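Biologist: Please take a close look at the way this chain is divided, and then go on to a few individual places in it. I would like one connected account that a beginner can follow.

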Amino acid sequence: MAEQRRCPVHVAPDSEGLGGEKGCPLSERAMAFDPFEGPYQVDPAEALRWARDDEPVFYSSKLGYWVVSRYDDIKAVFRDNLTFSPRIALEKMTPVSREAQEALASYGYAMNRTLVNEDEPAHMERRRALLDHFLPENLLPRRERVRALVRERMDALVDKGRADLVQEMLWEVPLTVALDFLGVPEDDMETLRRFSVAHTVNTWGRPTPEQQLEVAHSVGRFWQYAGKVLEKMRAEPDGPGWMHQAIRRNAEMPEVVTDSYLHSMMMAIIVAAHETTAHASANMFRTLLTHRDAWDDVCADPSLIPNAVEECLRYAGSVVAWRREATRPVELGGVRLPQGAKLLMVTASANQDDRHFEEAARFDIYRDNAVDHLTFGYGSHQCMGKNIARMEMRVFLEEFTRRLPHLRLEPQEFTYLPNTSFRGPDQLWVAWDPARNPERAQPGLRAAHREFAVGAPDRRDIARRVRVTEVTGEAEEVLSLGIAPVEGQRLPGWSPGAHVELCVGDYERKYSLCGAPGESGYRVAVLREAEGRGGSAHIHGHVRPGMELRLRGPHNLFRLDEAAEDCLLIAGGIGITPILAMADRLKALSRRYRLHYAGRSRRSMAFLDRLARDHGAALTLHPADEGARMRLPDLVAALPRGGQIYACGPARLLSALEELTADHPEGTLHVEHFAAAGGGPDPRAERPFTAELADSGLEVEVGAGETLLEAIRAKGVDVSSDCCEGLCGSCEVPVLEGEIDHRDMVLTRAERARNDRMMACCSRARGGRIRLAL
Ligand code: HEM
Ligand code: FES
């Protein structure tokens, strides 16, 4: 027994004491891990919960792989493709028997490197040469074709009342779209389907010796088929599609896009483009139909579709694990890996890592960082076809939620092809009552579709429906709104300093949350601004209890450091709202705090009763009409060492505090801005610059009239954004080299001085070049 438990890779202890007995990661659970059966096949993310919690990187003796389960570790591996080579990405998980090898050889099978498993520098040179077709602007014209294909099949099934979606839609459409994109003639679909299943089993499965032989013949035939298609395509040099482009590049630069690459890619890309998307779509329907509230929300509001698709890719992606090999001894997740260590990165587990996603096991189509999932990989090998897959999945969902909102999942047992990496149900039976098809009453519905931009979802579309429970006058011109989830939903938790964005009529306005401890739902306070742009007046004039609104967030850009020993809280006017929530929290934590609240007069100052009741001992009021002015220099001077200031109020109050604390240590002053200096880049005043994306291996030219964010996205690289005016921090990108011209309101002076991150929506390079870790 003792012998059995020894680490089979014998990592010798090094000078830091890592490795050897101490670093040996083998445990009972690690030894029992089997990805081909049991819990991993049922739910790979849940099956590795123990690993995420206790052994984030462990050696699986059954597989001969180091299994990596946490988000940060997997992203770090994807990020560094020199230390972690992708060369084993398509290696056979189960060694091939001699008979199977002979069978493969009889077909002249010589699968070589493609893109996904090619090392640098060959990979990046090739990827750049073949990137054009995948850029968002070049994908846009394909949308119509995808729509037409989906609609054709939808017309064929809409009156049937029952269907296996995999068989009737989700398998064939992605295959046709893939062949179209590649420029490959649409030949025998069913044969191709059998071929690609064989390829999956061959690469990621654990076939028995008999199956291996059978699979080898299928794979061999697939290889020959791919070769024949390639020959046919070579005869048509001006043909359309990506493979034709690759053939032309092969003629122009044969050392970059080699002959052997073309044949191997021809076979690999059909699987990469097709099976991945078919499975992801089937997983999406299964997930949404088992979370009926989410399905109903999407039916009611199609603008939620792009983020719902992204959340499905996170929660139940079609690629659940990917591989890399360590090219040198390296430490990962506290475990020392030897050179040559093979890594199975379970991206499905990373996607449900609570360290990165709040309540990660919960399916939530309103999650605003769903797009951070690793289902498409990350970095220089990140899926080139992600925006085609997104486009297809969005069209599927849009057509079904519009034309068959009453679709339901039939009770059934789901089966999956046992393998480590590709995951999707073999069948997906759904049913509906055709008599209730909305287009019977409204024929125009059949064609009344909605389109989405190509690329990652826009955070601004992630708005949930909420209900106003009460409207209370809090002071002169100040109302507070109680907000509850609509039936069947719940609102995410929030922390002091957080704000939400309310969408009321055509207005969208941000308000800090200020609910009392224990109060269910949210509370915001709205000051009617006489000089405002009409949003607050509209809320005062129109919002009534029972009304339904849309709400984005919460987001927190004004976080309270709960470890702070002493806090000075300063509020001016309606700025009391986040400050009140902070005071509540500090009191609950038994921290020392003082609260100074200034306003025109007591009549205009909100929450006075509650403040007096809950924070009386810490409170000083400064109503201007009573001459009780707030003397900021005195307050700042009295701040004890290590004390922190949290302030919210008019811009002049905040800038006065910024000046007064200029010599204080970093992290003394925390403020929140709700308005930016405004305007996009002015092409007459700005200079163009080059951004090098180190992780993606790309160079991006940023024109004088565009933002860094726009230029990066045009290259197909995802960066989140929200406010697009330098206020929210969601577009932050890490900077490796080059001086930054900061234009945002998010970073502190010290953070700016570190020159290691910038807001891509507004900040620019000071010189001609900047290097980003993207
Ligand atoms: C690479 C997943 C759809 C083409 C990858 C990788 C993953 C992946 C995990 C490896 C990433 C890495 O190593 O960092 C998916 C999923 C899809 C999908 C989950 C559908 C939901 C597509 C489609 C196409 C495509 C539709 C083409 C039309 C590629 C290519 C690569 C790739 C060419 C290699 C990129 C490189 O190594 O530079 N994909 N994929 N994929 N995918 Fe996809
Ligand atoms: Fe909000 Fe850039 S998107 S700071």
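Modeller: The protein chain is divided into four parts, namely domain 1 (102-278 + 364-447), domain 2 (463-556), domain 3 (566-672) and domain 4 (689-772), where the bounds come from an automatic or database domain assignment. Domain 1 is written as two stretches of sequence, 102-278 and 364-447. Between the C-alpha centres of domain 2 and domain 4 there is a distance of 32 Å.

Before going further, please keep in mind that this is a predicted model, in which local features need pLDDT of at least 70 and side-chain atom pairs count only at pLDDT 80 or more, while totals for chains, interfaces and linings use all residues. Residues are numbered from 1 along each chain as its sequence is written, chains are lettered from A and ligands numbered from 1 in the order in which they are written, and side-chain values use heavy atoms, with hydrogens and water left out.

Taken as a whole, the protein chain has 28 helices and 28 strands; these are DSSP runs, with helices being H or I of at least four residues and strands being E of at least two, numbered from the N terminus. The C-alpha atoms fill a box of roughly 95 × 75 × 60 Å along the principal axes. The radius of gyration of the protein chain is 29 Å, which agrees with the value near 28 Å that a compact globule of 774 residues would have; the radius is taken over C-alpha atoms, and the globule rule is 2.2 Å times the number of residues to the power 0.38. Of those 774 residues, 57% count as buried, a word that stands for under 20% relative accessible area, with exposed for over 50% and partly exposed in between (1.4 Å probe, protein chains only). Among contacts between residues at least 6 apart in sequence, 72% join residues at least 24 apart, a contact being heavy atoms within 4.5 Å.

With this background we can turn to individual places, beginning with a glycine. G241 lies in the loop between α14 (209-234) and α15 (242-252), and G241 counts as buried because its relative accessibility is 7%. Leaving aside residues up to four places away in sequence, G241 touches H133, F181, L182 and G183. V184 stands 57 residues from G241 along the chain, yet the C-alpha atoms of the two are separated by 7.7 Å.

A89 offers a further buried place, with 0% relative accessibility, in the loop between β3 (84-85) and α7. Its contacts, again not counting residues up to four places away in sequence, are V116, N117, W204, W322 and R323. Of A89 and V116 we can add that they are 27 residues apart in sequence and 7.0 Å apart in space, C-alpha to C-alpha.

T276, by contrast with those loop residues, is found in helix α16 (residues 259-290), and T276 is buried, since its relative accessible area is 15%. T276 touches V271, S318, V319 and F422, when residues up to four places away in sequence are not counted. The C-alpha atoms of T276 and F376 are separated by 9.9 Å, although their positions lie 100 residues apart along the chain.

P443 is found in the loop between α21 (438-441) and β11 (464-475), and P443 counts as exposed because its relative accessibility is 61%. From P443 to K160 the distance is 17 Å, C-alpha to C-alpha, and the two are 283 residues apart in sequence.

Finally, the backbone itself deserves attention. A cis peptide bond joins E120 and P121, with omega about 0°, and P121 is found in the loop between α7 (98-105) and α8 (122-129). Another cis peptide bond joins G553 and P554, with omega about 5°, and here P554 has its place in strand β16 (residues 548-556). Phi of F607 is near 65°, a positive value in a residue other than glycine; F607 sits in the loop between β18 (592-599) and α24 (608-615) and counts as buried at 6% relative accessibility. E359 also has a positive phi, near 40°, in the loop between α19 (347-350) and α20 (386-403), but E359 counts as partly exposed at 41% relative accessibility.
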